[in-house]
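Dear colleague,

Please find the structure we spoke about below. My notes follow it.

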Amino acid sequence: MAQDEPRFHVPAPHVRPGDTPDFSHLDLQAAGEAPRPDPSVAGMETRDLALGLIGVLDHNHQAVGDWDPKLQPDVLREGLRHMMLTRAYDDRMLKLQRQGKMSFYMKSTGEEAVAVAGAMALDKGDMVFPSYRQQGILFARGRNIVDMMCHCISNSRDNLKGRQLPVHYTWAEGNFFSISGNLATQFPQAVGYAMACQYKGDKQIAASWIGEGSTAEGDFHGALVLASTYKAPVILNVVNNQWAISTFQGIAAGQSPSFALKGIGYGLASLRVDGNDFLAVYAATQWAAERARAGHGATVIETYTYRADAHSTSDDPSGYRPRGENEIWPLGDPIARLKNHLIGLGEWDEARHTALEKEQNELVIASYKEAESHGTLHDGPLSPVNSIFEDVYAEQDWRLRRQRQDLGV
Amino acid sequence: MATMNMIQALNSALDVMMERDGDVVSFGEDAGYFGGVFRVTANLQKKYGLDRSFDAPINEAAIVAMAIGMAARGLKPVAEIQFADYIFPGLDQIVSELSRLRYRTAGTFTAPVVIRTPCGGGIRGGQTHSMSPEAFFTHIPGVQVMMPSNPYDAKGMLISAIESPDPVIFFEPKRLYNGPFDGHSGGALSSWGKHPKGEVPEGHYTVPIGKADVVREGNAVTIVTYGTLVLVAQAAAEKAGVDAEVIDLRTLVPYDIETIARSVNKTGRCIVAQEAPRTSGFAAELAAQIQEECFYALEAPIQRVTGWDTPYPHAHEWSYFPGPERFINAMNAVLEA
């Protein structure tokens, strides 16, 4: 028998399956209210920003306040296009996974602004160290969709020779570091990379992303210590999408009222941002990049968002959270919000939106056809079998040569 | 030629490489201003500046991760882990990241990092300052593992490690830092100055990765070992008057099977030795491979000389340490069989 009262404290979400979705307990600062300090400000001076919420798009879809990055309509449309393509791609890949075309897939639905706006506010030369849910960066940086799909179906054209799970992309030409799968490991690596950029005397910086659940890992704290100690030109993003597989954010947050606040303990500039607000994510990243490039050090950015879909194709959220939560998420949907903002500006309309959706869906379908022509995991062709012995070291030693011969390849 | 102990030889390797290559940087706990608790990085900060030899926070995972990030951007980091016993918080970064970066990116990103760490007992270090954890690292595809047994090799091997395109876990047997050791605990510390391998060139030279060294030639039995036990095995063979051939492996991954097999095929008898606990130690891998290579030449079962399957004790350190008596017993067993 379970105890009536737990003997020690275990945090629990406000609602569980069967309950009515409810976010009324959230006390979120309204768009436009947060002040924008100079990017050279001392890290400790950002404490209120770590506890508040930087937002630009208000309920009427208008850009308000000091953080408005005042982007040209072309840039806004580009952002919308990348986010929409990310979603179209994710939706299609999910269907294909369900049809048995790939072993596994992870969508980023609802979190497209985090990756797309973050990437667009950086220089293309800046190195990104993402987790597995920032595929939006690849679209923002213009990676070939067929190449992405060839990786996901591990075929003969997979640039990673079939060695990684789907969505664990690497794209060196696009300054996109290897996605690990072991959580938070990339965070301190990004700091080392950023230090090496300074050492080399260029203006390149590094940015990394982890989920809020992964802030419990030692590597999160290691990264913040390094970033603070060496004042590294790095942006450390915590994507708080409220859920780490089935575990709600409170299991990692404990009694801390925000994840950004953790950065304050290390003396780092720390911002909490509406992660579903393209303009806010863009503005915060731009601020942090300017700070880093000017030699004022690292920034921790908590992007406050909601994982609108399952963790992965191996997960079913109906087992741990009420259905329909994503529909009442108080910060809305990033694509709908930017779309409505553009329409309000007179720079977009429903017809163009629908036409773009159709065009992107067709592109995704055609891309998959082309990708499949290079093989699938199920039916091949794959990378040659002897490639499993390549790239372990620069050169194969006698053990690998013999083992390759044992396998007969 | 100069006379150097192993600390000076390792310091000289770092000095030579930092002088030659502006991308070589050195860091670790107490490894900057102070030059390391064993002084291996002494004077490097003074000579090369704060950004090339610096102190790191006490977080081994962060130290390894920082090195990976730096190496991915083209630097050649040499990270010090203060004691091999402390390396475990960094193990995930070594196992899941450092070792696999080349593989999982199909060669588009690499991390040629060197991790230096003092290992082994014989200095009254107790269970937390005496470990020889090399076997863990020999089980990780993608890293190379090295352990020198004298100043000359230490310098040439560390230079090879820094120049390697792949990561190296570089174990430094700290009992040998200040002088050779024959395994007799009570004896006075002798000096590397009186040992031929204490003669060390001041400039650049390499001892290649993957090449063992036959340090004592013989025909009766082959002893394959590395680190501190190389000297103990030699001393034991002298004392027992056994015509033993002693092979200093120097590189554990990839180990030099050719040199080992040539010797065992000649002697027909073999002892494999390590200071670490017995079960699943690197000696077990050697024994398995040697019997595959040399089964029909073997006249006796391969013997293992190892530490016990216990943590490294403090007060009874010398009952744990595989000293000359254990080598002599093993030689008797393998020769009588």
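**Domains of chain B**

In chain B, 31 residues of domain 1 are in contact with 29 residues of domain 2. This is a predicted model, so please read everything here in that light. On the domain 1 side of chain B, four elements each supply at least two residues to the surface that touches domain 2. They are helix H6 (134–138), strand S6 (144–146), helix H7 (151–163) and strand S7 (168–173) of chain B. The residues on that side divide into 13 nonpolar, 13 polar and five charged. As for the bounds, domain 1 of chain B covers 2–200 and domain 2 covers 213–336. Their C-alpha centres lie 25 Å apart.

**Chain B as a whole**

Chain B has twelve helices and 14 strands. Its radius of gyration is 19 Å, close to the 20 Å that the globule rule gives for 337 residues, so chain B is as compact as a globular protein of that length. Along the principal axes, the C-alpha atoms of chain B fill a box of roughly 60 × 45 × 40 Å. Of the 337 residues in chain B, 59% are buried. Take the contacts in chain B with a separation of 6 or more: 77% of them are between residues 24 or more positions apart.

**The five-strand sheet**

Chain B holds an open sheet of five strands. The order is S9-S11-S10-S13-S14, and the pairing is mixed. Which strands stand at the edges? They are strand S9 (213–216) and strand S14 (303–307) of chain B. Each has a single partner strand, so one side of each is left without a neighbour in the sheet. The twist averages 25° from one strand to the next.

Strand S10 (residues 221–225) and strand S11 (residues 244–248) of chain B pair in the parallel sense, over five bridges. Within this pair, Thr222(B) stands opposite Glu245(B) in S11(B).

A helix lies across this part of chain B. Helix H12 (residues 324–336) of chain B crosses S10, S11, strand S13 (270–277) and S14. H12(B) runs at about 165° to S14(B).

**Where the chains meet**

The contact between chains involves 36 residues of chain A and 35 residues of chain B. Three helices of chain A each supply at least two residues of the side that touches chain B: H6 (186–200), H7 (218–229) and H14 (398–407). Which of them gives the largest share? It is H6(A), with eleven residues. The chain A side divides into 17 nonpolar, twelve polar and seven charged residues.

H6 of chain A also appears in the surroundings of a helix of chain B. In helix H4 (residues 91–98) of chain B, the buried residues are Asp92(B), Gln93(B), Ile94(B), Glu97(B) and Leu98(B). What covers them includes H6 of chain A. From chain B itself, the cover includes helix H3 (60–72) and helix H5 (101–104).

**Backbone points to check**

There are two cis peptide bonds to look at, one in chain A and one in chain B.

- Gly380(A) and Pro381(A) are joined by a cis peptide bond, with omega about -5°. Pro381(A) lies in the loop between helix H13 (350–372) and H14 of chain A.
- Val253(B) and Pro254(B) are also joined by a cis peptide bond, with omega about -5°. Pro254(B) is in the loop between strand S12 (251–253) and helix H9 (257–267) of chain B.

Two residues that are not glycine have a positive phi, one in chain A and one in chain B.

- Val167(A) has a phi of about 70°. Val167(A) lies in the loop between helix H5 (145–152) and H6 of chain A. Is Val167(A) buried or exposed? It counts as buried, because 23 C-beta neighbours lie inside 10 Å.
- Ser280(B) has a phi of about 60°. Ser280(B) lies in the loop between S13 and helix H10 (282–294) of chain B. With 13 other C-beta atoms within 10 Å, Ser280(B) is partly exposed.

Best wishes

How values were computed
Residues are numbered from 1 along each chain as its sequence is written. Chains are lettered from A and ligands numbered from 1 in the order in which they are written. This is a predicted model: local features need pLDDT of at least 70, side-chain atom pairs count only at pLDDT 80 or more; totals for chains, interfaces and linings use all residues. Two residues are in contact if their C-beta atoms, placed from the backbone, lie within 7 Å. Ala, Val, Leu, Ile, Met, Phe, Trp, Tyr, Cys and Pro count as nonpolar, Asp, Glu, Lys and Arg as charged, and the others, Gly among them, as polar. Domain bounds come from an automatic or database domain assignment. The radius of gyration is taken over C-alpha atoms; the globule rule is 2.2 Å times the number of residues to the power 0.38. A residue is buried if 20 or more other C-beta atoms lie within 10 Å of its own, exposed if 12 or fewer, and partly exposed in between; C-beta atoms are placed from the backbone. Two strands pair if DSSP finds at least two bridges between them. Axes are lines fitted to C-alpha atoms, for helices over the stretch in contact, and angles run from 0 to 180 degrees between N-to-C directions.
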